[in-house]
Amino acid sequence: MLEKKKLRELSKNLLYNPDDYMNTFRENVRMYIDQKEITIAEVSELADIPESTLKSFIYGKSHDCNLSTAVKLSRVFDLSIDEMVGCGTIVPQTCESLQIMRTLPESFTHFVRWAIHYHKDMLESNKVIKHAVEIMNAEEAPDGNLKMTNNFDVIDISNINQDIFPKIFMGIRIPSDRFAPKYFAGEIILLANDRNARPTEPVVVSTNDNLWIFTRKEEMVNGERKVNYYSMRDGKLRATDEQISVVIGYVAKVIHENRE
């Protein structure tokens, strides 16, 4: 039988196609059963589904399946139905977060749960603010870059452009003039992640507990178009697109709390 650790690793390979969710469901089930550690007979027994019914579904002889079958299979593979079916009722970003959560030790999942409640309570305690957003008070790292902290404030961004504030999910307060003349101490960069950053837009990337503000440039390298990331602080090439795993967001707006 597949171990939970293996199930969690496989969840990263789940297909997602809301336009053809039944075939996606079939392929996702097939992916798990193709592993040597498990057989159709074992899944049939664990899910309490007749083996003939399961085979008929897996090999495409039946075009649909009962909801009860979907529920039972999802329980066997320790997944939500949405992840198994890929129907899009949970957005891909949320599914990705769920998959990451499964790979964390239990102590870390408790921490993540605490952090979610902490930030929810923090925002709800500021209900007088029309459009609240949390601002991280970043610190300056020894190398001059930014260091993440758990020190947050809540500010109102309802006075910025109406087409921008729905996209903003967090901000970072710049602690020094190291990023001048682009950003100065006390200014707040507001981040959005509703889309990929455009070539000229600054992006914020995290590595361990450090934050990098990069300028993203598309360049021709050996006849191929590459995306390179240059540090906004010193202008040096620091990473390529292949080396960047998580972009927190692009800089949508720069403000000072006393002015827009």
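**Strand pairing, helix packing and backbone geometry**

In this predicted model, strand β7, which spans residues 202-207, pairs with β11 in the antiparallel sense over three bridges. Within that pairing, V204 has G249 of β11 as its bridge partner. Strand β11, residues 247-255, also pairs with strand β6, residues 188-192, again in the antiparallel sense and here over five bridges. In this second pairing, A192 finds its bridge partner in Y250 of β11. Taken together, β11 is a strand that has pairings with β7 and with β6. For a reader tracing side chains along these strands, it helps to recall that in a regular strand the side chains alternate between the two faces of the sheet.

The path can then be followed through β8, β9 and β10. Strand β8, residues 210-221, and strand β9, residues 224-231, are paired in the antiparallel sense over eight bridges, and K217 stands opposite N228 in β9. The hairpin of β8 and β9 has two residues between the strands, and N222 takes a positive phi near 55° there. Strand β9 is in turn joined by three bridges to strand β10, residues 237-240, and the two run antiparallel. N228 appears here as well, with T240 in β10 as its bridge partner, so that this residue of β9 can be followed from K217 to T240. Five residues lie between the strands in the hairpin of β9 and β10, where G235 takes a positive phi near 75°.

Two loops carry further backbone features, and for both it is useful to know that most residues other than glycine have a negative phi, and most peptide bonds are trans. In the loop between β5 (168-173) and β6, where P181 is placed, a cis peptide bond joins A180 and P181, with omega about 5°. In the loop between α5 and α6 (81-85) lies D78, a residue other than glycine whose phi is positive, near 60°.

Turning to the helices, two packed helices are described by the angle between their axes and the distance between the axes. Helix α3, residues 40-47, packs with helix α5, residues 67-76, at an angle of about 110°, and their axes are 9 Å apart. Because angles of 65 to 115 degrees count as roughly perpendicular, α3 is described as roughly perpendicular to α5. The residues that meet in this packing are V43, L46 and A47 in α3 and K72, L73 and V76 in α5.

A last feature is found on the surface, where F111, W114 and Y118 make a nonpolar patch of about 350 Å². Of these residues, F111 has its place in helix α8, which covers residues 106-124.

Technical notes. Residues are numbered from 1 along each chain as its sequence is written. This is a predicted model: local features need pLDDT of at least 70, side-chain atom pairs count only at pLDDT 80 or more; totals for chains, interfaces and linings use all residues. Side-chain values use heavy atoms; hydrogens and water are left out. Two strands pair if DSSP finds at least two bridges between them. Helices (H or I, at least four residues) and strands (E, at least two) are DSSP runs, numbered from the N terminus. Patches are made of residues with over 30% relative accessible area and no salt bridge: like charges are joined within 9 Å, nonpolar side chains (Val, Leu, Ile, Met, Phe, Trp, Tyr) within 5 Å. Accessible areas come from the Shrake-Rupley method with a 1.4 Å probe; for residues, only the protein chains shown count as cover. A salt bridge is a side-chain nitrogen of Lys or Arg within 4 Å of a carboxyl oxygen of Asp or Glu. Axes are lines fitted to C-alpha atoms, for helices over the stretch in contact, and angles run from 0 to 180 degrees between N-to-C directions. Angles under 35 degrees count as roughly parallel, over 145 as roughly antiparallel, 65 to 115 as roughly perpendicular and the rest as oblique. Contact means heavy atoms within 4.5 Å.
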